[in-house]
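Hi everyone, thanks for coming. I'll put a structure up and walk you through it slowly, so have a look before I start talking.

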Amino acid sequence: MPAHPRDLRALAGARRAVLGRRVPGRRVLARVAAGPALSVADQALVSACNFATTIVLAHALGLEAFGLFSTAWIAVLLTVSLQLGLVVCPMISIGPGLGDEARPAYYAIVLVHEAAFLTLAGGAVAIGLALAFGDRALGLAAGVACAAHLAQDFCRRYLFARGRPPVVLGIDALNQGIKLAGLILLSRAGMLSPTRALEVVAASAALSCLCAIPFRGALAWRAGEFGAASRRQWHSGRWLVLTGLMQWLSGYGGLLVAGALLGVTLIGVLRAAQSILGVLNLIRDALENIVPPIAGRALAQGGLHGLRPVIGVTAAIGFAGGLSFTALLALTGKSLLAAAFGPDMAAYAWVVAWYSLLFPVSLVSFAQICAFRALERTGAVFAATAAAAALNLALVYPAVRGFGIEGLLGVAITSEVLVCLVLAGLLRRVLRAPSGTLGSLQPA
């Protein structure tokens, strides 16, 4: 939906209402602006370091070993998607909207949920990869790296939800700096392998989590509230868990099919191309840290009338920003690939241009998803994602078989457009509802 000047004024008013105070002077304005600015800076740091990490791994391991590492990391990304749906997304939408007295108990309960999820996810990845590759050392390293990476990702999002963006920037700088330095040292010593790379990832993430503990904020264990909080968490996240699974199937199921048909080296090539697009992920990740808490508070304060401008402005910013970077990467993709990964990779520059078309559409979808998450009506998100996943799974095998990488990318773009269209239709019905019917939109 387009953003009008009145939307921008409404969004500013919603933010003032969320903050619960007037903005009297420059000091307060500076504090208000610091959170989004630090979020963007943090995402820029993470994206740049992840890009550098991918370059180091691709050069040191070679395409085949890098493909093996990337295949193992795809399993870790599945657990990240599940954690987002089950723990993180409900937390960052529900927590900021609670009263001061309720927050400590709620966040303590969420920490228990996270600890249980880390144990199950790390064990599942370790066992699954050990059986899949017949390599116990690789499986164990992947399981530990999975648990540590999940913990670090949760810590940073938890601290964003609790209003501590400077701490997030600090722990992310520590994590990325140690990881990158360790990989470079092992690479220069000729000792880098997929297993050791996973061990470095685990060690840097674990240290980052330890440094975050002193900034956890007030916590209060109230056993009597565990059941109610867990049910609300599940009510909000149950569809997002399935949505995360569908997104993983859409995003990586096709990649695994392509790897099976065209060779595991292709996974390394596509992973390298995806790393070029990390700057686009910066936009979405920064909005992920900013928009859901604002949307949750705006809905609590102003109902649907307060939510509409937040979603409209987010969609406009996402589409414009994504489209601008898409055009830039379409022009510079060949030189970027050649400079980062060598002249042999430059032949795949067209993959960057194709992949980049996903992002303007996905950022509009993200704005709509934020609305459904604030309303705690995430079944709509699952419905849209499931429809796209079904289309993807039905078409990806014949498309890759017949057209190779072009077929894979064509199916991915078509699926993303379908998600956006389905969400737009469902959200339009919700936002047209009178403000007086808001209570019927909330969970019982």
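**A walk through the helices**

Okay, let's start with one residue: Thr-385 is found in helix H12, which covers residues 379-403. A quick word on what you're looking at: this is a predicted model, where local features need pLDDT of at least 70 and side-chain atom pairs count only at pLDDT 80 or more, while totals for chains, interfaces and linings use all residues. Residues are numbered from 1 along each chain as its sequence is written, and side-chain values use heavy atoms, with hydrogens and water left out.

When I say helix, I mean a DSSP run of H or I with at least four residues; a strand is a run of E with at least two, and both are numbered from the N terminus.

So, is Thr-385 buried or exposed? Thr-385 counts as buried, because its relative accessible area is 4% and buried means under 20% (exposed is over 50%, partly exposed is in between, with a 1.4 Å probe and protein chains only). Who does Thr-385 touch, once we skip the neighbours within four places in sequence? Its contacts are Thr-243, Met-246, Gln-247 and Val-419, where contact means heavy atoms within 4.5 Å.

**Zooming out**

Now the whole protein. The count is 13 helices and zero strands, so reading along the sequence you just get α-α-α-α-α-α-α-α-α-α-α-α-α. Of its 444 residues, 51% are buried. If you take contacts between residues at least 6 apart in sequence, 82% of them join residues at least 24 apart. On the outside, the protein exposes about 19,200 Å², and carbon and sulfur atoms supply 66% of that. Those areas come from the Shrake-Rupley method with a 1.4 Å probe, and for residues only the protein chains shown count as cover.

**The cores**

Next, the inside. A nonpolar core here is a set of buried Ala, Val, Leu, Ile, Met, Phe, Trp, Tyr and Cys residues joined through side-chain atoms within 4.5 Å. The largest one has 60 residues, and those with the most contacts inside it are Leu-57, Met-91, Tyr-106 and Leu-198. Which elements give this core two or more residues? They are helix H2 (26-94), helix H3 (103-133), helix H4 (136-161), helix H5 (165-188), helix H6 (194-212) and helix H7 (226-262). H2 gives the largest share, 18 residues.

Let's pick out Leu-57. Leaving aside neighbours within four places in sequence, Leu-57 is in contact with Gly-62, Phe-66, Phe-69, Leu-183, Leu-192 and Ala-197. Apart from this largest core lies another core, of 32 residues, with Leu-299, Ile-369, Cys-370 and Val-430 among them.

**A small gap**

Rolling a probe the size of a water molecule over the atoms shows where empty space is left. The structure holds two cavities of 30 Å³ or more, and the second largest has about 40 Å³ of space. The recipe goes like this: on a 1 Å grid over the protein atoms alone, a cavity is a set of points where a 1.4 Å probe fits but cannot get out, and lining residues have an atom within 4 Å of a point. Grid points are joined across faces, edges and corners, and the volume is the space filled by probe spheres set on the points.

What lines the second largest cavity? Its lining is Ile-92, Arg-157, Phe-160, Ala-161, Glu-288, Asn-289 and Pro-293. H4 and helix H9 (278-341) are the elements that give two or more residues to that lining.

**A few more stops**

Pro-360 sits in helix H11, residues 358-375, and is buried at 4% relative accessibility. Beyond neighbours within four places in sequence, Pro-360 is in contact with Phe-319, Gly-322, Leu-323 and Thr-326. Pro-360 and Thr-326 are 34 residues apart in sequence and 7.8 Å apart in space, C-alpha to C-alpha.

Ser-415, in helix H13 (residues 405-431), is buried too, with a relative accessible area of 4%. Again leaving aside neighbours within four places, Ser-415 is in contact with Ala-388, Leu-391 and Asn-392.

Last, two loop residues. Ala-218 lies in the loop between H6 and H7 and is partly exposed, at 48%. Ala-218 touches Pro-104 and Arg-162, not counting residues up to four places away in sequence. Arg-377 is in the loop between H11 and H12 and is partly exposed, with a relative accessible area of 34%. The C-alpha atoms of Arg-377 and His-235 are separated by 8.7 Å, although these residues are 142 apart along the chain.

Key
On a 1 Å grid over the protein atoms alone, a cavity is a set of points where a 1.4 Å probe fits but cannot get out, and a pocket is an open set with protein on both sides within 12 Å along at least five of seven lines; lining residues have an atom within 4 Å of a point.
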